[in-house]
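Colleague: I'd like to practise reading a helix and a few charged pairs. Could you walk me through it?

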Amino acid sequence: MSTSVLIAAVVGGGVLLLMRRFFPRRQAVKLLCYPADTMRGKTVIVTGANCGIGKAVAGELLKLRARIIMACRDRKSAEDAAQDIKRQAGPEQGEVVIKHLDLASLTSVRNFCEEINTEESQIDVLINNAGIYQCPYTKTEDDFEMQLGVNHLGHFLLTHLLLDLLKSSAPSRIVVVSSKLYKYGHINFDDLNSESNYNKAFCYSQSKLANLLFTLEQARQLEGTGVTVNALTPGIVRTRLGRHVQIPLLAKPLFYLASLAFFKSPLEGAQTPLYLACSPEVEGVSGKCFANCEEEELMAKATDDEAAKKLWDMSRSMVGLAN
């Protein structure tokens, strides 16, 4: 037996053991089923709709006759995804519009929102889905640590600039995709931008905790407006989000096979954002977090009103919003 085969067996066995240790075998996810015209006449913005959960939820909403605005950084990838979901949606479907949005650029966010506010008469649902995971240390166009900038600050400004349209479209909804990995982070108010130290896993967890605190404070500020905001944790899903994670070459085939057994498919991962976007069960519900279409109990650090307000004020300053 060659050395390479032995190494592959050892590495692969280790991967499988770790998968079994940290990720229990997934149970089949029940796919939601709504009347075909549930979202007829409604306009939905989905960030990062060209792949993964974003593409899957856009496809499901298209089947429900929604008008989908795919807000994506890579236009070619978005066009390919649009063709794919339109082909799968069947003859009776909604409409797809593709718009460029780079959440790593506040200029791009402002340009996108200016277009939306000028061209659209209503926005019924905003799904803040796009994200980046454990990337090497890089900065956004505006000098923010990339994960904080894309996962939190870009969506923070995006939501703020679309609020007037969301309010005039009420009842309307904001859906925020977070992650259970928020549990392993905290908000480092002394170095929010990770200038003095960068740990890619911590920074991802911090950005996902920021999503939850944003949801908490945004819900408080939107009370009585008819606009609701809720977060969700989709679980471990087979997407391109983990493209920056280094897996030994020999272990990749085994890791892929293991992911089929232990990870959700993008369609399964899209069920909770779909539920929050269109289910009558959550009409009027706001400031909560959901997992598997059920309300999720969060750790105390994700329900800290004082931390949420402090992060809100710092975020406003960072993205250049006037008091």
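**Charged pairs and a helix face**

Modeller: Let's start with one residue of this predicted model: Glu-296 is buried, its relative accessible area being 14%.

Colleague: Which side chain does Glu-296 meet in a salt bridge?

Modeller: Lys-180, at 2.8 Å from N to O. The pair ties together distant parts of the chain, 116 residues apart: Glu-296 sits in the loop between β8 and α10, Lys-180 in the loop between β5 and α6. Lys-180 is partly exposed, with 34% relative accessibility.

Colleague: How many salt bridges does the structure hold?

Modeller: It holds 15. Among them is Glu-115 with Lys-99, at 2.9 Å; that one links helix α4 to strand β3. Lys-99 is buried at 11%, while Glu-115 is partly exposed at 37%.

Colleague: Now the helix. Why do residues three or four places apart point the same way?

Modeller: An α-helix has 3.6 residues a turn, so such residues end up facing the same direction. Here, the buried residues of α10 are Ala-307, Ala-308, Leu-311, Trp-312, Ser-315, Arg-316 and Val-319. Looking down the axis of α10, they fall within an arc of 165 degrees, so they line one face of the helix.

Colleague: What do the buried residues of α10 pack against?

Modeller: They pack against α4, α5 and α6. Exposed Glu-306 and Ser-317 are on the face turned away from the buried side.

Colleague: And what happens at the start of α10?

Modeller: A side-chain oxygen of Asp-304 comes within 3.0 Å of the backbone nitrogen of Glu-306. Just after α10, Gly-320 has a positive phi of about 85 degrees.

Technical notes. Residues are numbered from 1 along each chain as its sequence is written. This is a predicted model: local features need pLDDT of at least 70, side-chain atom pairs count only at pLDDT 80 or more; totals for chains, interfaces and linings use all residues. Side-chain values use heavy atoms; hydrogens and water are left out. Buried means under 20% relative accessible area, exposed over 50%, partly exposed in between (1.4 Å probe, protein chains only). Helices (H or I, at least four residues) and strands (E, at least two) are DSSP runs, numbered from the N terminus. The arc is that of the directions from the helix axis to the C-beta atoms. Contact means heavy atoms within 4.5 Å. A polar contact is a pair of N or O atoms within 3.5 Å; within protein, one must be able to donate a hydrogen and the other to accept it, and residues adjacent in sequence count only if both atoms are side-chain atoms. A salt bridge is a side-chain nitrogen of Lys or Arg within 4 Å of a carboxyl oxygen of Asp or Glu.
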